[in-house]
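Work through the exercises below on a two-chain interface. Try each task before reading its solution.

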Amino acid sequence: MKTLMLGNEAVARGLYEAGCSFVSSYPGTPSTEITECVAKYDEVYAEWAPNEKVALEAAFGACLRGVRSFCAMKHVGLNVAADPLFTISYTGVNAGLIIGVADDAGMHSSQNEQDSRHYARAAKIPMLEPSDSAEALAFAKLAYELSEQFDTAVLMKMCTRVSHSQSVVETEERVVPEQKKYEKNPAKYIMMPAYAKKKHPMVEARTKALTAWAETAEINRIEPGQDTSVGIITSSTCYQYVKEAYGDTYPVLKLGMIWPMPEQKIRDFAATVEKLVVVEELDGFIENHCRNLGLSVAGKDLFTEIGELSQNAVKEKLGQAVQAGETLSEEIPARPPVMCAGCPHRSLFYVLKKLNLTVLGDIGCYTLGAVAPLNAIDTTICMGASVSGLHGFVKAGDEACAGKTVAVIGDSTFIHSGVTGLINIAYNESDSTVIILDNSITGMTGHQQNPTTGYNLKGDPCTKIDLESLCHAVGIRRVKVVDPYDMETCQKVIKEELAAKEPSVIISRRPCALLKYVKHPGAICSDPEKCKGCKACMQIGCPAISMVDGKAVIDETLCVGCGVCEQLCKFGALG
Amino acid sequence: METKNMMIVGVGGQGTLLASKLLGRLLLGKGFDVKVSEVHGMSQRGGSVVTYVRWGDRVCSPIIDKGEADCILSFELLEAARYTDFLKPGGRIIVNSQQINPMPVIAGAAVYPENLVEKMSALDAKVDAFDALSLAEEVGSSKAVNLVLMGRLARHFDFTQEEWMEAIENSVPSKFLEMNKKAFALGQREMCS
């Protein structure tokens, strides 16, 4: 049956059809829906792991036991999972293992624009790269065959435009291969020097064998063109831009496997065209491979390493004029994302700003605390960096700056990799104050459960990790819980904990305002008689409040009645 | 058939994704090749959201580039103005005249431009602006804006009433079905301004 599927949904369907039985992932845009979609199939065990390293190791364990396994992550998640990745390359697999990784060229929802293809080459693991949903489904199935045939994990590289575009797929039935037997095999599965030294040559031989496979693989296909003055090598969504721009005009070598790449096939293709051009997003990965083959090639001298490409970008760089539509002459104000009305993070950030603290931030919705009018965050690096960075910042500081710095980190991010930083704070004894913004969900990626919520990926009740007990257990004696809507108490507790000469944790606890079970009291009313137009309520950047003719006006369709603005109004105009 | 391009733009939370999903399914049912491209994540938090819907004999790129859109369906006035450079000469803009202030306007760092409908009408574009919010509120919920707009859009497609109804039934929760059908009918009936 023909149906429209998101690329991520198609990967999930491919996993299902290939008989995948175990999935462990950590959410991250644009990869999240792969795991959410596969969890809807009752036949597949699927879970959210605390982080990507755990997810990959769990998936490896399941493949070792003998079932086809999978884990998904965003590009930066692969950095977290890089440790097992490089050694799983040596052990190989028992049943098939696929690692899904989704890049975010253009940084629609990411902190950097890294190109994950380098990992395939560095870890010596093959990488498939679909260009639409039909390929996403087909490649997931092919990846299991390759994984088992060549005794290797296989990387499946997605990108925002493939992950989050719907295109037509045809589905088939699920076929589950017989479970493989687990047999003890120290030389294959224990990577200590004596065994690993014997394994490394096998890894190099495997890459050679995969290169030979790549020479004749159907997924690395040459599409003839009428005009051989230019020949294009491309993959992923860029293939679609090239075909959109030029149809069958120029010959195209479309690579479905991006590592290892064929050699003879590329040489043969190059020999049939006058000018060889590589069209790829981010780094010149295919281009460098061509250069290593001694070929003369154009690539990043034409196309930028920064951001996304498009059909117009392809046309322009290959010398064809494009015409944009008309724009209005005046400036159109930007519409950046904002914290939602009723977001429990907003009031907490207001207090931090009021106290004029240095705030080391982390990854999640609360990164929006960095933007005007709150401007309450000083750094954001990666998952967990707020807590570990705070320790260094405090240790390196002097008396004058003592008690003026905090870390803020969400519940899911704290479990992901904040807790290890907290252990360092306790163990090496810095007078650090960590604020856990516990909104009882993984918010930014669209409401995924995590170990602190009491529910698993399938929505069933499960063990709930108690944050207070966890902080106590790692050696933090001072653990306080506050309601972020109560700004007076928040301010008092933050001051107290900053004054304490020992590590402390403040848990700012209130569920995300968008969670279905959260009941709101209803919109606040503004009284134009009492409003003096002082704009105190405008300091929190709530999208439901605006000034009209010098008076505060509440948008009743947005306001949930959190009461934070009410606490800021000295004239009783809001309530 | 040459590929047709429609952009659906609006403010995160307005229900633009439902509109693109509905349209995608209908077009697939007519035998077209279809691609629908969304951006998730940051854009959901009240930010500017864009969805591309493309259909034809063979659709390659999932995105619409500048100067390529046959039609822009906008859930909010400023968002229509933001993307006029994506429109083909003579293309169509269907826009809900509702204004939602973005944070820079709320914070006083920018002003919401005035007379945007008139200014867009002066471009090489067919502009159909109307108050979809009031019609949605007539049927009982501001959230029905998306179905009012789909009703308005329906006059530009060759789908039968039965096909629309079936697509709506398959896309909205049964609890809100009657309200959404009414919203669609109001959008369909409303005369061009």
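Contact here means heavy atoms within 4.5 Å. The model is predicted.

**Exercise 1. State how many residues each chain gives to the contact, and how much area is buried.**

Step 1. Chain A gives 55 residues and chain B gives 56 residues.
Step 2. Together the two chains bury about 4600 Å². Carbon and sulfur atoms hold 58% of that area.
Step 3. On the chain A side, the greatest losses of area to chain B fall on Gln166(A), Leu328(A) and Arg335(A). These residues together make up 18% of what that side buries.

**Exercise 2. Count the salt bridges and polar contacts between the chains, then place the chain A side in its elements.**

Step 1. There are 4 salt bridges between chain A and chain B.
Step 2. Lys119(B) and Glu330(A) form a salt bridge through their side chains, at 2.7 Å from N to O.
Step 3. Polar contacts join 25 residue pairs across the two chains, both residues at pLDDT 80 or more.
Step 4. Elements giving two or more residues to the chain A side include β1 (2–6), β8 (165–170) and α11 (236–246). The most comes from α11(A), with 6 residues.
Step 5. Sort that side by class: 24 nonpolar, 20 polar and 11 charged residues.

**Exercise 3. Find the strand of chain B that pairs with β8(A), and the bridge partner of Gln166(A).**

Step 1. The strand is β2(B), residues 33–37. Its pairing with β8(A) is antiparallel, over 2 bridges.
Step 2. Within β2(B), Val36(B) is the bridge partner of Gln166(A).
Step 3. Link this to Exercise 1: Gln166(A) is also among the residues of chain A that lose the most area to chain B.

How values were computed. Residues numbered from 1 in each chain as written. Chains lettered and ligands numbered in written order. Predicted model: local features only at pLDDT ≥ 70, side-chain atom pairs only at ≥ 80, totals over all residues. Heavy atoms only, no water. Buried area = accessible area lost by both parts, 1.4 Å probe. Polar contact = N/O pair within 3.5 Å; in protein donor to acceptor, adjacent residues only side chain to side chain. Helix = DSSP H or I, 4+ residues; strand = E, 2+ residues; numbered from the N terminus. Nonpolar A, V, L, I, M, F, W, Y, C, P; charged D, E, K, R; others polar. Pairing = 2+ DSSP bridges.
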